[in-house]
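Work through the exercises below with the sequence and model side by side. Try each task before reading its solution.

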Amino acid sequence: MAKYVDGFVLPVPKRKIAAYRRLAKQASKIWKEYGALDYKECLGDDLQNKFCLPFTKGIRSKPGETIVFAYIVFKSRAHRDQVNAAVMKDPRISAMCDPKDMPFDCKRMLYGGFKVIVDI
């Protein structure tokens with residue numbers, strides 16, 4: 001079965017990791033409730049490397065920040081569009097998206113939809 005993935009990368013202040021984790025857990029439950037097949041949020045651990053552009057430089061993280069790499073798996077792009085439309089109408093998401101209370105800078109979040117080309 002072909003799958004589709006929404007991926008995102010964002011810098012999170014280290015002092016706000018606990019708040020971000022709470023937000024991510026709530027969001028994951030909502031996405032899964034509406035049909036997402038899988039939902040992962042991963043906290044940067046080994047981000048300094050010398051053989052390619054590290055996430056920290058690519059996203060221009062600031063001192064005191066770490067990187068979150070995350071993805072949500074869907075059956076297809078159409079399924080993704082259907083799930084995301086339902087999620088965005090859910091009042092729980094609106095309640096979580098107060099810009100003054102976000103544990104990260106939404107304007108610096110990288111996001112995109114991807115066709116899965118290898119799935120072993």
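**Exercise 1. Find which residues of α3 are exposed and which are buried, then explain the pattern.**

Step 1. A78, Q82 and K89 are exposed (over 50% relative accessible area, 1.4 Å probe, protein chains only). The model is predicted: local features need pLDDT of at least 70, side-chain atom pairs count only at pLDDT 80 or more, and totals for chains, interfaces and linings use all residues. Numbering runs from 1 along each chain as its sequence is written, and side-chain values use heavy atoms, without hydrogens and water.

Step 2. On the other side, H79, R80, V83, N84 and V87 are buried (under 20%).

Step 3. Look down the axis of α3. The buried residues fall within an arc of 125 degrees (directions from the helix axis to the C-beta atoms), so they line one face.

Step 4. Recall the general rule. An α-helix has 3.6 residues a turn, so residues three or four places apart point the same way.

Step 5. Identify the cover. It includes β1, α1, β3, α4 and β4.

**Exercise 2. Repeat the analysis for α1 (residues 17-33).**

Step 1. I17, Y20, L23, A24, A27, S28, I30 and W31 are buried.

Step 2. Their arc in α1 is 165 degrees, so they too line one face of the helix.

Step 3. R22, K25, K29 and E33 are exposed on the other side of α1.

Step 4. Cover for the buried residues of α1 includes β2 (38-43) and β3 (65-74).

Step 5. Check what follows the helix. Just after α1, G35 takes a positive phi of about 120 degrees.

Conventions
Helix = DSSP H or I, 4+ residues; strand = E, 2+ residues; numbered from the N terminus. Expected span 1.5 Å × (residues − 1). Contact = heavy atoms within 4.5 Å.
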